[in-house]
Amino acid sequence: METVSTNRAYGGTQGVYRHASAETGTPMVFSVFVPDHAPGVKLPVVWYLSGLTCTHANVTDKGDYRRACAELGLIFVAPDTSPRGEGVPDDAAGAYDFGLGAGFYVDATEAPFDANYRMYSYVTEELPALVAANFPVDMARQGITGHSMGGHGALTLALRHPEQYLSVSAFAPIVAPGQVPWGEKALGGYLGPDRDAWRQHDAVALIEDGASVGAILVDQGDADQFLVEQLRPELLAAACEAAGIPLTLRMQPGYDHSYYFISTFMADHLAWHAARLYGDDR
């Protein structure tokens, strides 16, 4: 693992790191914020999954999470959204919603994407092992959140691995990719035409098929330009109600899809995670 940069912030250290990924076959960059803490102490971790076109840098630069993480005692990790580098296949037309920057947190099965687009295994297995080996993380206390495509990733990973992620939240998530244009393009391109294979990467479908978590927090701006066509939080609300999963869905008046929205409610989400990751231990 190579250190790209480190900076002091809010009584902690913000770092950016690079490593050679066995899953993607490419170099991968990620950021980690570690609050100051007593020697030997391990802290809970919150994973943040970014949205379409983003890298680790978007939330690292604009997410406004460091003060809250320092106060709450949380490590914050932000991976990239897809493999990158020479020879990594992209959308033939250069579209923003497929290929580079749009890995959708799946392990692709369709050529030519299957060789590199293994973001599901990278985020759930390879990167956690690397972070645990190099940072003071209590791997028994992991939470996950994300935005848009990353909100989709956070929800699906938590639903598929409730033993790994003890808390889950999302900002403006794509809740039912099998029913919206972004998701149909991505899941079809990465996983092929069999829609049954898509259900393992669709939060609403997973809940319908019996997956569950203890509780979910979602913030959604009512002025989000993608709300009606791509995000459709009402589908998640209906699925959670039918399954008896406690969902806190907060429709935020006047907020759009940007990091102005995310940064406004980031501290709320981190407090949500801290309450569940620390439990009675603090």
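## A tour from helix α5 outward

Start at G192: this glycine follows α5, and its phi is positive, near 95 degrees. Keep in mind that the model on screen is predicted.

**Stop 1: helix α5.** Step back from G192 and select residues 181-191, which make up α5. Colour W182, G183, A186, L187, Y190 and L191, the buried residues of this helix. Now look down the axis of α5. The buried residues fall within an arc of 105 degrees, so they line one face of the helix. What lies over them? The cover for the buried residues of α5 includes α6 (195-198) and α8 (227-231). Show both helices before moving on.

**Stop 2: from α5 to α6.** Select E184 and R195 and display their side chains. The two form a salt bridge, with the closest N and O atoms 3.1 Å apart. E184 sits in α5 and R195 in α6, so the pair ties together parts that are eleven residues apart in sequence. Are these two residues buried, partly exposed or exposed? R195 is partly exposed, with a relative accessible area of 43%. E184 is also partly exposed, at 31%.

**Stop 3: R199 and its partners.** Move along to R199, in the loop between α6 and α7. Which acidic residues pair with R199? One is E208, with the closest N and O atoms 3.2 Å apart. Another is D209, where the closest N and O atoms are 2.9 Å apart. D209 lies in the loop between α7 (203-208) and β8 (216-221), ten residues from R199, and this pair links distant parts of the chain. Switch on a surface to check accessibility. R199 is partly exposed at 27%, and D209 is partly exposed at 47%. E208 is exposed, with a relative accessible area of 52%.

**Stop 4: a salt-bridge network.** Select E23, D107 and R118. Salt bridges link these three residues in a network. How many salt bridges does the model hold? The count comes to 13. Side chains of opposite charge can pair when their charged atoms come close.

**Stop 5: the nonpolar core.** Hide the charged side chains. Select F30, F76, Y190 and L270. Within the largest nonpolar core, which has 88 residues, these four touch the most other members. Next, select residues 259-278, helix α10. This helix gives the core its largest share, nine residues. Y190 should look familiar: it is one of the buried residues of α5.

**Stop 6: A102.** Use Y190 as the stepping stone, since A102 is in contact with it. A102 lies in the loop between β5 (75-79) and α3 (119-134). Is A102 buried or exposed? It is buried, with a relative accessible area of 0%. Leaving aside neighbours within four places in sequence, A102 also contacts L52, T81, S82, Y96, D97 and M149. Add A115 to the selection and draw a distance. The C-alpha atoms of A102 and A115 are separated by 15 Å, and the two residues are 13 apart along the chain.

**Stop 7: helix α3.** Finish on α3, residues 119-134. Where does this helix kink? Go to L127: a kink of about 35 degrees lies there, shortly before the proline P128. Both L127 and P128 are among the buried residues of α3. Others to colour include M119, Y120, S121, Y122, V123 and T124. Further along, E126, L130 and V131 are buried too.

Notes. Residues numbered from 1 in each chain as written. Predicted model: local features only at pLDDT ≥ 70, side-chain atom pairs only at ≥ 80, totals over all residues. Heavy atoms only, no water. Buried < 20%, exposed > 50% of the residue type's maximum accessible area, 1.4 Å probe, protein only. Helix = DSSP H or I, 4+ residues; strand = E, 2+ residues; numbered from the N terminus. Arc of directions from axis to C-beta. Contact = heavy atoms within 4.5 Å. Salt bridge = Lys/Arg side-chain N within 4 Å of Asp/Glu carboxyl O. Core = buried A, V, L, I, M, F, W, Y, C linked by side-chain atoms within 4.5 Å. Bend = angle between axes of the 7 residues up to and from the residue.
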